[in-house]
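Hello,

Here is the structure I promised to pass on to you. Have a look at it first, and then read on for what turned up.

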Amino acid sequence: MYRDLIHLRLNQFGSTRGLTGSGLNTFYQNQADNVIAYHRWHQGGPGDDMVVVVNLSHLAHENYRLGFPSPETWRLRLNSDWSGYSHGFGNQACSDVVPGSERRDKPQDPSAGERDGFLAAGTISIGPYSVLVFSQDEPRE
């Protein structure tokens, strides 16, 4: 796991540049569920924007809805609950997320339909005491 974290932090695969930048927005805090999520970026955009979700609870959460900066596919880069890191881990199933754009029911209300300050939202599953790291692939030229 440490090797994978270092690869992500150093952007060795070209998909996690946001972890090298100083942009940080803690956009989600749920004290009842002990879940936080934050957005990291260097300059922003695919290959740069990152979403990190942390479950500080002993309970797994399935079908957990969170905001994402854009509606394109977000690739799961790290699931710290993966049993490949330890046979003692729960291996909570989680995968890439394709958030949908949130519909605004009242166009005159700019906050209607937003999820956590973003206009896109997706559903994840996260294991107990674990971290998920998502980013987008850079566009191909």
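**What turned up in the model**

Asp-137 has a relative accessibility of 38% and is thus classed as partly exposed. Please keep in mind that this is a predicted model.

I begin with Asp-137 since it leads into the charged pairs. Arg-75 makes a salt bridge with Asp-137, with 3.0 Å between the closest N and O atoms. Arg-75 sits in strand S5 and Asp-137 in the segment after strand S8 (130-135), so this contact ties together parts that are 62 residues apart in sequence.

Arg-75 has another partner: its side chain also meets that of Asp-96 in a salt bridge, at 2.8 Å from N to O. This pair, too, links distant parts of the chain, with Arg-75 in strand S5 (residues 75-79) and Asp-96 in the loop between S5 and strand S6 (100-101), 21 residues apart. How exposed are these two? Arg-75 is partly exposed, with a relative accessible area of 30%, and Asp-96 is partly exposed as well, at 34%. With Arg-77 added, the residues Arg-75, Asp-96 and Asp-137 are linked in a network of salt bridges.

In total, the count of salt bridges comes to five. One of them joins the side chains of Asp-48 and Arg-17, at 2.9 Å from N to O. Asp-48 belongs to the loop between strand S2 (35-41) and strand S3 (50-55), and Arg-17 to the loop between helix H1 (2-9) and strand S1 (23-30), so the pair ties together parts that are 31 residues apart in sequence. Is Asp-48 buried or exposed? Asp-48 is buried, with a relative accessible area of 0%, whereas Arg-17 is partly exposed at 23%.

Now to the strands. Five of them make an open sheet in the order S1-S2-S3-S8-S5, and the pairing is antiparallel. S1 and S5 are the edge strands, each pairing on one side only. On average, neighbouring strands in this sheet are turned by 20° against each other, direction ignored. S5, the strand that holds Arg-75, runs antiparallel to S8, and four bridges join the two. If you would like a place to look, find Leu-78, which stands opposite Val-133 in S8.

The aromatic rings are worth a look too. How many aromatic pairs does the structure hold? There are five. In one of them, Phe-68 and Trp-74 are tilted, with 5.6 Å from centre to centre and 50° between the planes. Both Phe-68 and Trp-74 are buried. Another pair is Trp-82 with Tyr-85: the ring centres are 4.9 Å apart and the planes stand at 85°, so this pair is edge-to-face. Here Trp-82 is partly exposed, with a relative accessible area of 44%, and Tyr-85 is partly exposed at 22%. Phe-68 and Trp-74 also belong, along with Phe-134, to one aromatic cluster.

Lastly, the surface. Met-1, Tyr-2, Leu-5, Ile-6, Leu-10 and Phe-89 form a nonpolar patch there, and together they have about 600 Å² of accessible area. Within this patch, Leu-5 is placed in helix H1 and is partly exposed, with a relative accessible area of 35%.

Happy browsing, and best wishes!

Terms used
Residues are numbered from 1 along each chain as its sequence is written. This is a predicted model: local features need pLDDT of at least 70, side-chain atom pairs count only at pLDDT 80 or more; totals for chains, interfaces and linings use all residues. Side-chain values use heavy atoms; hydrogens and water are left out. A salt bridge is a side-chain nitrogen of Lys or Arg within 4 Å of a carboxyl oxygen of Asp or Glu. Buried means under 20% relative accessible area, exposed over 50%, partly exposed in between (1.4 Å probe, protein chains only). Two strands pair if DSSP finds at least two bridges between them. Axes are lines fitted to C-alpha atoms, for helices over the stretch in contact, and angles run from 0 to 180 degrees between N-to-C directions. Patches are made of residues with over 30% relative accessible area and no salt bridge: like charges are joined within 9 Å, nonpolar side chains (Val, Leu, Ile, Met, Phe, Trp, Tyr) within 5 Å. Accessible areas come from the Shrake-Rupley method with a 1.4 Å probe; for residues, only the protein chains shown count as cover. Rings of Phe, Tyr and Trp (its six-membered ring) pair if their centres lie within 6.5 Å; planes under 30 degrees apart count as stacked, over 60 as edge-to-face and the rest as tilted.
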